[in-house]
Amino acid sequence: MATRFRNGATGGHGGPPLQLLLSIPPCIMPLTEESLLTLLIQSIELREIRLPLVHFFETSFGRTTERRIVLARVTDANGAEGWGECTAGEGPFYSNEWTETAWATLIEFLGPMMLRKEFESAAHVFNLMKPVRGHRMAKATLETACWDLEAKTAGVPLWKHLGGTRTELSCGVSIGIQDTPDALIEKIRKEVDAGYQRIKIKIKPGWDLNIVERVRKEFPDIRLMGDANSAYKLSDVPLFQQLDQFNLMMLEQPLAHDDIFDHAVLQRQIQTPVCLDESICSAEDACHAIQLESCRIINIKLGRVGGHAEAKRVEQVARDNEIPVWCGGMLESGIGRAHNIAMSTLAGFTLPGDVSASARYWEQDIIEPPVTVSERGTIKAPDAPGIGFNINLPRIEALTVRKEAIK
Ligand code: OSB
Ligand code: MG
């Protein structure tokens with residue numbers, strides 16, 4: 001009886017052995033230059049800011065008009081500081097995390113776990129927080145802040161400290177669902193004219209085939225892609241087969257947010273490369289998806305995977321297997337944006353990311369200078385230590401709705 005439930009690996013009757021063929025990088029990846037110092041965080045200040053978007057952002061799961069962003073400031077005994085931003089949204093829709101769960105998890109568990117504890121380096125923070133399951137966006141808030149602090153202490157830009165090699169990054173834009181197709185066309189025109197190298201549009205049932213067809217007619221040569229944020233099912237394969245004719249660079253996360261199997265079934269039936277976003281939360285997930293051929297491209301988001309250390313592992317797995325990656329965006333303010341820029345300098349980030357100018361999102365950003373994009377659609381990696389942008393503390397104070405020191 002028992003053999004009925006065994007898979008092949010145990011020598012049962014389940015067919016050939018099932019095994020992971022890809023190699024997984026170590027949990028703590030070696031840095032190019034090992035620092036001799038250790039990290040000891042003496043204080044953690046958490047705050048929530050409210051920041052209205054210049055223009056609403058709508059996806060298949062809803063519309064955002066104002067961000068509720070959790071920021072963390074970590075300080076060591078020498079007074080060195082690092083800043084991190086939580087990418088959780090205002091509700092549990094993109095991910096099960098949202099502003100309030102991140103806040104509570106940081107205050108009650110993650111903060112106390114690392115406060116006044118000595119650890120080797122920022123690369124070890126994610127492991128230190130292992131006892132907490134999930135809550136990767138909350139973890140990344142502190143983890144990325146530690147990387148900023150560590151790079152500042154070493155006097156080097158964070159991107160170099162992470163092992164980045166690219167100094168000029170290609171930028172794309174993500175354009176939400178609009179009130180009318182005409183409004184979408186206008187938005188695309190504006191971004192294409194500004195020089196952005198790739199246009200991503202959000203799609204959902206009812207705002208898909210017709211819209212893509214219309215956009216393609218208007219802009220036959222642009223690099224175009226669609227992001228469904230999990231709005232479809234396998235029964236929609238015929239729709240995706242029809243989308244194939246529009247030469248999209250990729251189709252991002254068409255199926256369930258936590259699926260790897262169905263995406264493999266879909267990818268086998270369409271020409272357009274599938275890109276996974278929501279489904280890839282770790283290097284292990286990336287290995288599974290690549291081996292199953294669930295996707296041909298991966299979008300890496302710092303918050304979704306739990307910070308820079310895990311992002312480096314995902315990038316490594318992808319690069320080892322010739323899967324291109326790009327940096328996803330979560331409507332970040334300047335601090336999260338600066339961390340995204342640093343991450344995007346890693347060698348595997350060969351496709352334009354959703355990292356675009358501050359002015360597309362905010363009247364005034366919380367960093368100085370704001371992130372700007374050249375007319376070639378590129379961002380230069382900064383020269384200053386750490387995240388490489390100044391924190392505008394008076395601006396942050398003015399936007400703060402709550403502030404708490406972790407005990
Ligand atoms: O799926 O990439 C996504 C924003 C919020 C939640 C999910 C996504 C997005 C974006 C915005 O596409 C990208 C950006 O920050 O401009
Ligand atoms: Mg996406």
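Donors to a metal are taken here as N, O and S atoms within 2.8 Å of it (3.2 Å for Na, K and Ca), and since water is not among the atoms, sites may look incomplete. The structure is a predicted model in which local features need pLDDT of at least 70 and side-chain atom pairs count only at pLDDT 80 or more, while totals for chains, interfaces and linings use all residues. Residues are numbered from 1 along each chain as its sequence is written, chains are lettered from A and ligands numbered from 1 in the order in which they are written, and side-chain values use heavy atoms, with hydrogens and water left out.

With that convention, the donors of the magnesium ion (ligand 2) follow the spacing D-x24-E-x24-D along the chain. They are Asp227 (OD), Glu252 (OE) and Asp277 (OD), which coordinate the ion at 2.1 to 2.3 Å. Because Asp227 lies in strand 8 (residues 224–227) and Asp277 in the loop between strand 10 (274–276) and helix 9 (283–292), the pair ties together parts that are 50 residues apart in sequence; helices (H or I, at least four residues) and strands (E, at least two) are DSSP runs, numbered from the N terminus.

Asp277 also leads to ligand 1, since a polar contact is a pair of N or O atoms within 3.5 Å, and an N or O atom in the side chain of Asp277 is 3.1 Å from an oxygen atom of ligand 1. A polar side-chain atom of Lys301 lies 2.9 Å from an oxygen atom of this ligand, and a backbone N or O atom of Met330 lies 3.3 Å from an oxygen atom of ligand 1. The protein covers 96% of the 390 Å² of accessible area that ligand 1 has on its own, by the Shrake-Rupley method with a 1.4 Å probe. Around ligand 1 there are 15 residues, the closest being Ser174, Asn229, Lys301, Leu331 and Tyr361, where a residue is near if one of its heavy atoms lies within 4 Å.

Two backbone details remain. The peptide bond from Glu368 to Pro369 is cis, with omega near -10°, and Pro369 has its place in the loop between strand 13 (367–368) and strand 14 (378–380). Arg116, a residue other than glycine, has a positive phi near 55°.

Methods: A polar contact is a pair of N or O atoms within 3.5 Å; within protein, one must be able to donate a hydrogen and the other to accept it, and residues adjacent in sequence count only if both atoms are side-chain atoms.
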